[in-house]
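Reader: I am in my first year and have not yet learned how to read a protein model. Could you take me through one, feature by feature?

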Amino acid sequence: MAQVINEYAKALFDLSQETDCVKEISSALDTVVEVVDENPEYLDFLSSPNIPKSERINAVEQAFSGLHEYVVSFVSLLCERGRAREIKDCVTAFRELCSEADKISVAQVTSAVELTDAQKDALALKLQKICGNRVVLECKTDKSLIGGMVVGIDGKIIDGSVRNRLHELKEVMYK
């Protein structure tokens with residue numbers, strides 16, 4: 001399934017690069033995701049085999065008529081092929097392709113306490129040296145970490161949490 005999603009996203013990304021409209025398409029995809037998030041029943045409608053494809057595609061064209069034509073065609077194609085439920089996954093894959101092209105890595109940072117701006121800047125610089133790309137942080141807090149943080153970037157996890165260190169210590173003590 002992931003391969004199919006990546007192929008759809010890659011096709012849209014390649015087309016958007018060829019026509020130099022990556023930003024416009026990315027913005028339009030954000031709108032599509034907002035609509036889907038705000039109206040979960042809309043995906044049910046677009047995925048329903050009981051409703052003729054032509055009706056579903058017409059609904060997509062009407063709902064998103066103000067967006068970039070490639071995005072309308074893309075969502076219509078997903079709907080036509082029975083893949084409407086994968087819209088958000090395709091958008092996520094599209095964004096990943098944009099980040100790769102821009103040499104941007106997104107780091108998911110979970111810390112025990114909220115990081116200050118100075119800490120975020122220092123962490124972004126450190127991660128940039130490690131991965132070689134510009135780094136954008138997505139930060140959240142989780143008090144169950146006790147202290148420290150967990151960072152996910154480019155498919156790697158760096159767990160510097162106190163919870164993890166205590167778990168490691170427990171493993172060594174009870175072996």
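Author: Let us begin with the contacts that link distant parts of the chain: among the contacts in the protein with a separation of 6 or more, 63% join residues that are 24 or more positions apart. Please keep in mind throughout that this is a predicted model.

Reader: Which helices and strands should I look for, and in what order do they come along the chain?

Author: A good habit is to count the elements and then follow them from one end. The protein has eight helices and four strands, and from the N terminus on they run α-α-α-α-α-α-β-α-β-β-β-α.

Reader: How do I describe the overall form, and what is the radius of gyration of the protein?

Author: One compares the value with that of a compact globule of the same length, and then looks at the spans along the axes. For 175 residues a compact globule would have a radius of gyration near 16 Å, whereas the protein has 21 Å. Along the principal axes, the C-alpha trace spans about 65 × 35 × 30 Å.

Reader: What part of the protein counts as buried, and how much surface does it expose?

Author: Of the 175 residues, 35% count as buried. The exposed surface comes to about 11100 Å², and carbon and sulfur atoms supply 51% of that area.

Reader: I would like to see this for single residues. Is V60 buried or exposed?

Author: The idea is to compare the relative accessible area with a cut-off, which for buried residues is under 20%. V60, which has its place in helix α4 (residues 53-63), is buried because its relative accessible area is 0%. Leaving aside residues up to four places away in sequence, V60 touches Y42, L46, V72, V75 and S76. To see how position along the chain and distance in space can be set side by side, take V60 and E34, which are 26 residues apart along the chain and whose C-alpha atoms are separated by 14 Å.

Reader: Where does S161 lie, and which residues does it touch?

Author: S161 lies in the loop between β4 (156-159) and α8 (162-173), and with a relative accessibility of 1% it counts as buried. When residues up to four places away in sequence are not counted, S161 touches L145, G147, G148, M149 and V150.

Reader: And is E24 buried, partly exposed or exposed?

Author: E24 is found in helix α2, and it counts as partly exposed because its relative accessibility is 45%. The C-alpha atoms of E24 and F74 are separated by 14 Å, with their positions 50 residues apart along the chain.

Reader: I have heard that one should also check the backbone angles. What is phi of D20, and what is phi of D154?

Author: Here one looks at the sign of the angle and at whether the residue is glycine. Phi of D20 is near 55 degrees, a positive value in a residue other than glycine; D20 has its place in the loop between α1 and α2, and at 67% relative accessibility it counts as exposed. Phi of D154 is near 50 degrees, which is also a positive value in a residue other than glycine. D154 is placed in the loop between β3 and β4, and it counts as partly exposed, with a relative accessibility of 45%.

Reader: Which residues line the largest pocket, and what is the volume of this pocket?

Author: For a pocket one asks about its space, its lining and the elements that supply the lining. About 370 Å³ of space lies in the largest pocket, and its lining consists of R95, E96, S99, E100, I104, V106, Q108, E138, G152, I153, D154 and G155. The elements that give two or more residues to this lining are α6 (87-101), β1 (104-111) and β3 (149-153), and the largest share, four residues, comes from α6. By class, the lining has three nonpolar, four polar and five charged residues.

Reader: What does the same reading give for the second largest pocket?

Author: The second largest pocket has a volume of about 250 Å³, and F13, Q17, V22, K23, S26, R95, C98, S99, A101 and D102 line it. At least two residues of this lining come from each of α1 (2-18), α2 (22-38) and α6, and α6 gives the most, with four residues. By class, this lining has four nonpolar, three polar and three charged residues.

Technical notes. Residues are numbered from 1 along each chain as its sequence is written. This is a predicted model: local features need pLDDT of at least 70, side-chain atom pairs count only at pLDDT 80 or more; totals for chains, interfaces and linings use all residues. Side-chain values use heavy atoms; hydrogens and water are left out. On a 1 Å grid over the protein atoms alone, a cavity is a set of points where a 1.4 Å probe fits but cannot get out, and a pocket is an open set with protein on both sides within 12 Å along at least five of seven lines; lining residues have an atom within 4 Å of a point. Grid points are joined across faces, edges and corners, and a volume is the space filled by probe spheres set on the points. Ala, Val, Leu, Ile, Met, Phe, Trp, Tyr, Cys and Pro count as nonpolar, Asp, Glu, Lys and Arg as charged, and the others, Gly among them, as polar. Buried means under 20% relative accessible area, exposed over 50%, partly exposed in between (1.4 Å probe, protein chains only). Contact means heavy atoms within 4.5 Å. The radius of gyration is taken over C-alpha atoms; the globule rule is 2.2 Å times the number of residues to the power 0.38. Accessible areas come from the Shrake-Rupley method with a 1.4 Å probe; for residues, only the protein chains shown count as cover.
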